[in-house]
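Visitor: I'd like to learn how to read a structure like this one. Could you walk me through it, one feature at a time?

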Amino acid sequence: MKVCHSPTPQGEKHTDKELTRQWNSIDWEKTEFIVNRLQTRIAKATHAGKWNLVKRLSYLLTHSFSAKLLAVRSVTQNKGKRTPGVDGVLWGTLALCIGQDASSPESHRPPVPRATTAPYLHPETGKNDEALYALALQPIAETTADARSFGFRLFRSAQDASEYAFTCLAKKTSAQWILEGDIRGCFDNIAHDWLREHIPMDRSVLAQFLKAGYIFEDRLFPTDRGTPQGGIISPLLANMTLDGIEELLAAKFPRMKVHFIRYADDFLVTAPTKEIAEEARDIIQEFLAERGLELSMEKTVITHIDEGFDFLGYNFRKYTGKLLIKPSRKSIETVTEKIGRTVKKAQAWTQDALIKALNPIIRGWTNYHRHNVAAETFRKLDEYIWTVTWRWGRRRHSDKGRRWIARRYWHPEGTRNWVFRTEENKLLKCSDTKIRRHSCPKLDANPYLDRKYFLERRDRMRQPTPRNETRTTFLTLPPLTG
């Protein structure tokens, strides 16, 4: 493994121990505070429309040593940190990265991951730079964002989008028609000219990001459209490209129950009539065309609420006038297939290993759907999990009887007789996840200007069910940079 060392001012190379000591001695709380303070100033300047000040503050942040440290940390702690690049160099530890000389051109060239398709980064740019410039761009994006945009946003989630859609559709007098929007290849087709003209960041740096291209079978393919494939900054660029639709529709259809809800490139428009939904579709199509994008007419459909529709893995439908949100059929099929594949692959695994593989799947899926009408679905999924784990036990011990297998893998616990567990671990039950109502955040709140509100809200959402309603006092506020 090659090591990315850089010379000291005396021409000597750092040792691994010295680099590790330097990295471990960093005061990350202070580093994050410095960056967050600059980000807050950028958000305030953006809110006030002082774009010259925004430009100066952004330059200050992207040339800040504290911001560079956080950028390196975010890049080297991702899942691809153990993959060598096209130069064969593996940045194995954070200590190796801090040893890189910031004044050297190579300091902006982290290795490209070797994959079937991976972004190519020019010597002048790199993943570090994307993370660095994202720190400056994010407070601008958050301040100028559509209020009802929930994807790739700080402290906002798919559950927030689902809850807001519920408030728009639940009443008897609510809009009855829904435009389900699908943008054709959003991330791959945004016009570079539009981005260079409208994204408030250094144009030469942005141009480097946009023309980075990708590598396929050791060949470089340049790009002339779209955001960097897999790029850290790509979600911010996509969000800023799509911001403005909400305001456009509000101006066109004032007081007409037309609501726009977006999560990344998936969106809904509620409308009182089918004709208004069609008009909204045409307005959005024109908006997208200016940015090099278009709607997929095959997947962009207009639906009545009584027929129901899927959005973000949820199914929305009114039953005799009552709106219910349930896990969508596709989401259920996806999780059952994943569980089935895991159990099938685990034929030679121990019971502990199987439990450890299944629990994150169960926990993640049930937590995602716990805010909706999902109790019956959880119960049916428990039945399915019991069936596949029973088959797993039968295949492992085809020469044993049912009672022997049951005693081997299932044990009583409390009022339950059939608990798939070992002495160290037990399999989660979907039905143990308590259903609880989700609350939508204040739509006009800004994570940089209303920081304490979002952190307190996050703390309340993380409390177990039943929630402890005691108000939490924060002595220190976690960073927004993570």
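**A guided reading**

Guide: Let's start with one residue: Glu246 is buried, with a relative accessible area of 14%. Buried means under 20% relative accessible area, exposed over 50%, and partly exposed in between (1.4 Å probe, protein chains only). Keep in mind that this is a predicted model, where local features need pLDDT of at least 70 and side-chain atom pairs count only at pLDDT 80 or more, while totals for chains, interfaces and linings use all residues. Residues are numbered from 1 along each chain as its sequence is written, and side-chain values use heavy atoms, with hydrogens and water left out.

Visitor: Where is the place of Glu246, and what is Glu246 in contact with, leaving aside its neighbours within four places in sequence?

Guide: You'll find Glu246 in helix α12 (residues 245-252). Helices (H or I, at least four residues) and strands (E, at least two) are DSSP runs, numbered from the N terminus. Contact means heavy atoms within 4.5 Å. Setting aside neighbours within four places in sequence, Glu246 touches Asp146, Ala147, Arg148 and Phe260.

Visitor: How do I check the span of a helix, say α2?

Guide: The expected span is 1.5 Å times one less than the number of residues. Helix α2 (residues 28-47) has 20 residues, so it should span 28 Å, and its end C-alpha atoms are indeed 28 Å apart. Now look at the two ends. At the N-terminal end, Asp27 acts as a cap, with a side-chain oxygen 3.3 Å from the backbone nitrogen of Glu29. After α2 comes Gly49, which has a positive phi, near 75 degrees.

Visitor: Which helices do the buried residues of α2 pack against?

Guide: They pack against α1 (16-24), α3 (51-62), α4 (65-76), α6 (127-144) and α18 (451-462). Among the buried residues of α2 are Trp28, Val35, Leu38 and Ile42. Glu32 also sits in this helix and is buried, at 11% relative accessible area. The side chain of Glu32 makes a polar contact of 2.7 Å with that of Arg73. A polar contact is a pair of N or O atoms within 3.5 Å; within protein, one must be able to donate a hydrogen and the other to accept it, and residues adjacent in sequence count only if both atoms are side-chain atoms.

Visitor: How many salt bridges does the count come to?

Guide: A salt bridge is a side-chain nitrogen of Lys or Arg within 4 Å of a carboxyl oxygen of Asp or Glu. By this rule there are 20 salt bridges. One of them joins the side chains of Asp193 and Arg196, at 2.4 Å from N to O. These two are 3 residues apart in helix α9 (residues 192-198), so about one helical turn separates them. Asp193 is exposed at 55%, while Arg196 is partly exposed at 29%.

Visitor: What about Glu383 and Arg379?

Guide: Their side chains meet in a salt bridge of 2.5 Å, N to O. Here the spacing is 4 residues in helix α16 (residues 375-396), again about one helical turn. Both ends are partly exposed: Glu383 has a relative accessible area of 44%, and Arg379 one of 37%.

Visitor: Let's turn to the sheets. In what order do the 4 strands of the open sheet come?

Guide: Strands of a sheet pair through backbone hydrogen bonds, either parallel or antiparallel. Two strands count as paired if DSSP finds at least two bridges between them. In this open sheet the order is β5-β6-β2-β7, with antiparallel pairing. β5 (259-263) and β7 (301-304) are at the edges with a single partner strand each, so one side of each has no neighbour in the sheet. From one strand to the next, the twist averages 20 degrees. Inside it, β2 (residues 177-182) and β6 (residues 266-271) pair over 6 bridges, and Ile178 has Thr270 in β6 as its bridge partner.

Visitor: What is the order in the open sheet of 3 strands?

Guide: That one runs β8-β9-β10, with antiparallel pairing. Strand β9 (residues 314-319) is joined to β10 by 6 bridges, and Tyr319 stands opposite Lys322 in β10. Helix α7 (residues 158-169) packs on this sheet, touching β8, β9 and β10, and its direction makes about 15 degrees with that of β9. For such angles, axes are lines fitted to C-alpha atoms, for helices over the stretch in contact, and angles run from 0 to 180 degrees between N-to-C directions.
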